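Colleague: Could we go through the internal space and the aromatic contacts of this model together?
Modeller: Certainly; please have the structure open.

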Amino acid sequence: MPSSLRVPFAALTLTLALGGPTLAQMEPVPASEPVVLDMEETAAPAPEVPPAPAPPPLDPGVWEPDRPEAGSIEQIREHTTAPEFLPESVAYVPDSETVPSPTKVLGHLAGAPDVLSKVSQVHGYFRALDAASDRVQVRVAGTSEEGREILLVLISDAANLADLDRYREITARLADPRATSREDARRLSREGKVFYHLTGGLHSTETGSPEMLMELAYRLAVSERPEIQAIRENAIVLVTPVTEPDGRDRMVEWYDRHLKGKDLPYEELAQIDSPPYWGHYVFHDNNRDGLQITQALTRAIHDTYWSFHPQVMHDLHESVPLLYISTGHGPYSRAADPVTIAEWTQLGVYEAGALAAQGLPGVWTWGFWDGWWPGYMVSVATNHHGVGRFYETFGNTSAGTFDRDLSDDKYTGKPVTDVQWYRPWPPEKKVRWSLRNNTNYMQAAVLEALKYAALHRSELLESFWTKGARALEKGKSEAPYAWIFPPGQRDAGRLAHLVNQLQAHRIEVHRLLEPFTLKQQTWPAGSYVVRMDQPYRNAAVTFLEEQKFPADEPNPPYDDVAWTFPLLYGVEGAKIDDRSIQGAAMEPVTGAVKPLGGVTGVGEIFLLQDTGQTSLLEARLILGGHQIDAAEVAFEAEGIAYPPGSWIVQAPRELVEQAATRLGLTFAAVAAMPEVRRHLVDLPRLALLHTWTSTQDAGWARYTLDQTGLRYELISDADLRRGGLSGRFDVILFPNARGSFSDLVHGIDPKYGPLAYTRTEEYPSHGIPNAADDITGGMGFEGLLELQRFVREGGVLLALANAGTLVVDGGLVRDVSRASGSFNTPGSEVRVQVLRPEHPLAYGAPELDSVFRGNGPLWDVDKKDRGFAVLQFGLKKDDAEKEKEAEGAIEEEEIDLEDAAGGETVAESEPGSRKEDRRLVLSGHVQGRSVVEGKPALLDVPVGQGRVLLYAFNPLHRYLNLSDFRFVYNALLHWNDLP
Ligand SMILES: [Zn+2]
């Protein structure tokens, strides 16, 4: 579960998650049977519960030839709440005279109640294991934003570890079908070892996996059971015990500080079960960074993938009862090879069967996650011919033991307690659940997965090669054959970003050496070409093509449904369906590319066309105290046309050149100041506001601003209540935040308070990146009043996506309402039209543009207030305009480019030529088009002396939609020059 202090989610906020609340969970619960109180029965004395019979002694056949560690059988039984939750494979801890068990190092059994291990303890244990066993090696895979190590542990036979380089070479060769023939692949698959990568501790409130992995690693290192020997012999197990170390320490300290010993039922504890931050920037979305690769943990996991090429990467999550094994229910990402999809199911069904054989109820597959979005952490495996998979075991967040009621839990529309083909043995409606239960399920299941991998070692290795070989073949023999991205884009920086992101995913990019012509179109030398005849062709296609989520899919998508890189980055290109492109003269791009910029001409004044370059905010910072003006209307100088927003810079040439080369901007020096209406481009005193119940998107906003170097103050509830905001800030940026108006204002129920989040000697991970003596209670009406005062006194408030709920539902703006009608826009790239091209918020944007819209609220205004809208969704004209044109005018029909193009096109204009593209949805899926079309996407609403800027989309979504950043940056660059 994403235990963001559980404020009820706004209906349809699709922050669905590995472990996130699914739409199914948010469905209204059917009215239950009326409760009839039988007073007589209630009054009767409780019947005597006979003591449970002592469980039979463990059959030595379960542990031989191992010897159980003294007391381990009894302790495991004691901490497991019922015999059916204790599989035989983990019913004892093997004894060893030379290798320390977790109990010997930590002083307690892994998964013992009421105790969670900090990062230093987990890492300390693995290092002790490494020191004592030649079957274990510990390496450092990365360092977190706050300086904690991210470890990688290798476990296998000592002989395999001694030959590690050879086995790494084998999987690297199997990853490259161009260097490895089928015959070689078969030979190498017989010789090689399967690499199986387990990752724990990614989601910080899912506390069980770091504990479990210590016992698992110990068991793998010392047990002499034949199945464990087979795993050691055939597999090299990689373990990342704590993937998000900053969040792990914050969570353990939060548990010790606020949860431990609190006598609350689970449902109540769940209101306060998480610290407000996990990672330094990112909360639950640390599992949504697989496309961007912006966070330290994602880089560490990707590096590990490229170092070892594991055939399976397996992420350990906790949420749904009792164990969900990911197979996906479809639709599937086109990057997932059909063989991978089959392997998901093979592994899942094998594990479910093996666990049922050990007597475990509640293990299921299929009905939870779809398999569509390719940006999770483990997607690095799936996108590159490995198998990226995950578990969701049942976690309590806290280390306590609780009664859990499953009667209302539904997934894919069915109660989790129902028998289904994919859940033949469901759990009971009520269970008592402990951390050790969770440890048992997770460990027993992982052991079965490793057993499967060991048994199918050569098959997994060979299919790893086969997937690449087939992708390569497809890229040679079927369209598309390539994508081309020419120079001369509106933003050279974002083109470079596209090329670099593709390369970060190991997708090869070439550069044309000569112009390439196809039919009427010519692409100049220097154009980037992404050829499809390469091993990671499927990932390339998926990242570059338009997504079409099936409209008839009965289950809601698990996450965003679109991720087309060229649209997210605002880069024009063309898909090439003609094979001749692969014969064009080109050279490979090696290493990261930098956009070219410079200064042309002679003169003391430097002009810059504003064509939407994302880097203008950084340019403003580099140019420091020197004067920059923005033209308020279009003008021409020395034969060049400058659109509104273009810059007139008075600064030393060296400094302008520095900005130009660093950011890929082209300035033209001119002798005379152009005659044009203009205003000063100066930066505001900026505050970034977050609630304590939803820090995630504020985290992405911080990350995004930190990339530019812009300074801001991070503020929350108490800062608002303190008042005097207009004396301290010019602009307050309120990023997307979850919750209703009431949640946004009142936050966590103060009855659970005070909940301090301050840095102390005892809790050194708290108070970062900002602190509060009490995070309950919200901003309150006092805070809201101060915010209103700030705007009325002349401040500018930006409300992104659901943050607008505070402003609209709270009446800070009077003339904006929620759009009525039913619609669903799960994370898609949607057409917008600029209605006010000379408005500073629209500077740099083409008249027809697109933005990424998830399922936040949609706003509406009366006809008389249409002038507030700077952007609108789609091309629909408002009623007044339609009436004017009614006579003889026929409203333009929606053109589906694909249909219009037919099968004939060689260079389909996807996603290029966007100007002609009049569809509402450019990538993804939207339901309720007629509701969305014509609604304002960005509103500039005057309030008193100030402004509220309402964004009906999230322009700072996960550092993905770079072409939308400018809609925020424009507000920061022109905050005091709004018309
Ligand atoms: Zn999770």
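**Cavities and rings**

Modeller: The second largest cavity holds about 140 Å³ of space. A cavity is a set of points, on a 1 Å grid over the protein atoms alone, where a 1.4 Å probe fits but cannot get out; the volume is the space filled by probe spheres set on the points, which are joined across faces, edges and corners. This is a predicted model: local features need pLDDT of at least 70, side-chain atom pairs count only at pLDDT 80 or more, and totals for chains, interfaces and linings use all residues. Residues are numbered from 1 along each chain as its sequence is written, and side-chain values use heavy atoms, with hydrogens and water left out.

Colleague: How many cavities of 30 Å³ or more does the structure hold?
Modeller: There are nine.

Colleague: Which residues lie nearest the centre of the second largest one?
Modeller: Arg494, Gly844, Pro846, Asp849 and Ser963 do, out of 15 lining residues, where lining means having an atom within 4 Å of a point. By class, four of the lining residues are nonpolar, six polar and five charged; Ala, Val, Leu, Ile, Met, Phe, Trp, Tyr, Cys and Pro count as nonpolar, Asp, Glu, Lys and Arg as charged, and the others, Gly among them, as polar.

Colleague: Which helix gives the largest share of that lining?
Modeller: Helix H32 (residues 965-973) does, with three residues; helices are DSSP runs of H or I, at least four residues, numbered from the N terminus.

Colleague: On to rings. How are Phe965 and Tyr969 placed in helix H32?
Modeller: Phe965 and Tyr969 are four residues apart there, so about one helical turn separates them. They form a tilted aromatic pair, 6.1 Å centre to centre with 50° between the planes. Rings of Phe, Tyr and Trp (its six-membered ring) pair if their centres lie within 6.5 Å; planes under 30 degrees apart are stacked, over 60 edge-to-face, and the rest tilted.

Colleague: Is Phe965 buried or exposed?
Modeller: Phe965 is buried, with a relative accessible area of 1%, and Tyr969 is buried at 2%. Buried means under 20%, exposed over 50%, and partly exposed in between (1.4 Å probe, protein chains only).

Colleague: And what sits over the ring of Trp373?
Modeller: The charged end of Arg958 does, 5.3 Å from the ring centre. The criterion is NZ of Lys or CZ of Arg within 6 Å of the ring centre and within 35 degrees of the ring normal. Arg168 likewise lies over the face of Phe308, at 5.3 Å from the ring centre.

How values were computed: On a 1 Å grid over the protein atoms alone, a cavity is a set of points where a 1.4 Å probe fits but cannot get out, and a pocket is an open set with protein on both sides within 12 Å along at least five of seven lines; lining residues have an atom within 4 Å of a point. Helices (H or I, at least four residues) and strands (E, at least two) are DSSP runs, numbered from the N terminus.
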